[in-house]
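Student: I would like to take a close look at a single part of this structure, the interface between its two chains. Could you please guide me through that part in one connected account?

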Amino acid sequence: MANVFAFVETRGTDVRKVGLEAVTAARMLAEKSGGGEVHALMLGPPGIAAKAAQVGQYGADAVIVVEHAGLANYSPEVATATAADRIKSGGYRAAVFSTSAQGRDLAPRVAARLGVSVVTDVLSFEIEGDSIVVRHPMNIGKVIATIAIGAKPAIIAMRPNVIAPVQNAKAGRVENAQPSIDPATARVKVIETRQGGGGKLDLAEAPVVVAGGRGLKAAENFKLVEDLASAFGNAAVGATRAVTDDGWRPHSDQIGQTGRLVSPELYIAVGISGAVQHLAGMRTSKTIVAVNKDKDAPIFMVADYGIVGDVFEVIPALTAAVREAKKHH
Amino acid sequence: VKIAVCVKRVPDMDVRFRIGADNVSVDEAGLKFDINDFDAWAVEAALKLKDKNAGSEVTVISLGPDVVQETIRKALSMGADRGIHLKAEKVPFDGLAIAKALSAELKTGGYDLILFGKMSPDSSNGVVGPMAAELLGLPCVTAISSLEIADGKGTAKRELEGAQEIVEFPLPAVLTVDEGLNAARLPSLKGIMAAKKKPLEVKPAQLAEPQVTVRKLELPPERKAGRVVGEGAAAVPELVRLLQTEAKVL
C-alpha cells in the first residue's frame, strides 16, 4: 500500500482535463499498489480553491490547494519547488504529471530536483514488484517501448486522452497550502498568457479533430474545416506542417512529428496527403476519416473510412449531413 | 555571448523500423542519421545571436559513440566554433543520466546561454534540457518559438495548447527550442571545409547508473487496412451511416 501524488494542471482559475486525467491515473496506480491515498496538488490565482471539490470527485483523497495572487500565470519555479517539496515530504510511491506543454516543462524539473528520472508520454502502466513498468512511444510512435522505472518516487507524465477521467463518490478533503517560494522572487516570469481563438477546444483534449492540409489550396478555405468542426460542436481544428509553414495557421495548430500529438475519438483529414511527419501526430486516433482527391494518397492507408473526391464538394456536404445528424440527437 | 548547444544524432524517421536482436534497441542497419531537427534549430538560434553580437562563441556538445562527431561537424559546418564530444558507448534512455553527464561539462564552460532542442524523435522523452537546467540551478524556458536577447535579459514565446505564454528570464539561462523559431541554415562548402579545422575535444562522459531501463521494444499493432467508402459528395450518406452505426462516433 502506498500513496500516490498527482499534479493537477490549471490555467487561470480553470482545472484542465489533463489534470483530472492525472488524478484518475494516480487513483489507478494507488489501487494497483494495494490501495493508498491520492494527494492532488493544484496551484493558481484566487478562485482556484473553488475547484478543489471537483478534483476530489475524480479520486483525490486530499486536494492541496495553493492559491496565490502571484499565480495568475504558470510559474515554473514556484510549481517545481512546491511540487518537489510536497513529493519529498509525502514519501510517495509515484507522482503523476501530464504530457502537456506545462507538464513537459514541469515534470523533468521536479524529477531532477528530487534526483530521480522521469518518463513522459506514458500510454499505460503496471506495478511489477519494485518497479513501475510503463509503455512509452518512441521513434514518432513507430516503436513502443516497455520501460521499467526503478526509482522511488517513480515520476511519470501521462499522454493526454489515454485515460478517461473517472468520477467516484469520494469527496476529497481540502488542505490549503502556501507556495514553497514567493512567486515575486521567481527568476523566470510568464508575463502574459495569450488565449487562442475565443473558447475553442484544445487539440489534445477535443474528442473530434478536423485537420486541413495543402489540398485546401488557400488559407481562407480553412473555413470549410472550421465549419465542419463547428457542426460537430466538440471538435478542434488542426493543420499539417506544410500549412503552418506557409502561415495559413499558427504553429500551435500543427499536428505531426514536430508538432502536436493527438488521439481523438474521430480524426477527419481534409485535403491531407498523409506524409510520415503528419501520420506521426495522429495515427493513434480511434477512427480516422480522410477526404482527398488523390486515391493513392498515403492517408488512405490509415483511414478507416476514405472518400476520394474534391474537398470543396465533399466537405460542405459532410458538414450539412453532420448538422442534420446532430439535430436528431 | 558565450553559447553552448547540445545536439543529438538521430535516425531519419521516414522508414519502417525493425527491432534489434537484443529486443531493446532498434536495428540500425540501413538507417540514415543526422542532427535532430530541434537541435539544428537550436544551433541556428545560437548562430543568429553570434551574427548579432561580435565576439560571441558557439560550442556544440554531443554525447554518444564516435559517430556523433559527424553530428558535431555538421553544426561546426553551419558556423559553430568548437565541439565537445562526451564519449559513451551508447546513449541511455535515462534522461537524468544524460542531463547529469552534460551538466558536469556545461558547468565548467561559463556559458551565458545553453540551448537544447525541445526533444528528440527517437527516445521521444523531451526531458534532458529542463533536467540539466535544474541540475545547473539555472533559469529555464522550454519549447520556445521566439527569442529576443538584450542587456542580459531574454524574452521568449512558448506555444501552449490553444494559447501562448510570453516569458521573461535573466541570463545565464537554459532554453529548449521548438519548431517555428527559425529555419536552420544549410552548411556552405566553405563552412564544410572550415569545420574540418575547428577544434573538437573528446572527453569521457560521466554516465550514472540508469534508474529507468528499456525492457522491450515492439512495433505497434498495424492499423487495419483503410477502406474507401466511395467517391465524391455522393459517398457522404454512406460515410455518415458508418460513423453512426459502425464507429459510433456521431
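Tutor: The account below begins with the extent of the interface and then turns to the strands found there.

Please keep in mind that this is a predicted model. The contact draws on 89 residues of chain A and 79 residues of chain B. Between chain A and chain B an area of about 7000 Å² is buried, and carbon and sulfur atoms give 56% of that area. Of the area that chain A buries against chain B, 10% is supplied by Asn139(A), Arg187(A) and Tyr305(A), more than by any other three residues.

Polar and charged groups also meet across this interface. Eight salt bridges are found between chain A and chain B. One of them links Arg16(A) with Glu161(B), where the closest N and O atoms are 3.5 Å apart. In addition, 45 residue pairs are in polar contact across the interface of the two chains. Sorted by class, the side of chain A that touches chain B has 40 nonpolar, 25 polar and 24 charged residues.

The two chains are also connected through strands. Strands of a sheet pair through backbone hydrogen bonds, either parallel or antiparallel. Strand β18 of chain A, residues 305-308, runs parallel to strand β13 of chain B, residues 228-231, and three bridges join the two. Within this pairing, Val308(A) stands opposite Glu231(B). Tyr305(A), named above for its share of the buried area, belongs to the residue range of β18(A).

A further sheet contains strands from both chains. This open sheet has four strands in the order β8(A)-β9(A)-β10(A)-β12(B), and the pairing is antiparallel. At its edges stand β8 (124-128) of chain A and β12 (212-218) of chain B; each has a single partner strand, so one side of each is left without a neighbour in the sheet. On average, neighbouring strands of this sheet are turned by 25 degrees against each other, with direction ignored.

On the chain A side of this sheet, β8(A) pairs with β9(A), residues 131-138, in the antiparallel sense over five bridges. Phe125(A) stands opposite Val134(A), a residue of β9(A). Helix α1 of chain A, residues 17-32, lies across β8 and β9 of chain A and runs at about 20 degrees to β8(A).

Note on methods. Residues numbered from 1 in each chain as written. Chains lettered and ligands numbered in written order. Predicted model: local features only at pLDDT ≥ 70, side-chain atom pairs only at ≥ 80, totals over all residues. Heavy atoms only, no water. Contact = heavy atoms within 4.5 Å. Buried area = accessible area lost by both parts, 1.4 Å probe. Salt bridge = Lys/Arg side-chain N within 4 Å of Asp/Glu carboxyl O. Polar contact = N/O pair within 3.5 Å; in protein donor to acceptor, adjacent residues only side chain to side chain. Nonpolar A, V, L, I, M, F, W, Y, C, P; charged D, E, K, R; others polar. Pairing = 2+ DSSP bridges. Axes fitted to C-alpha atoms, helices over the stretch in contact; angles between N-to-C directions.
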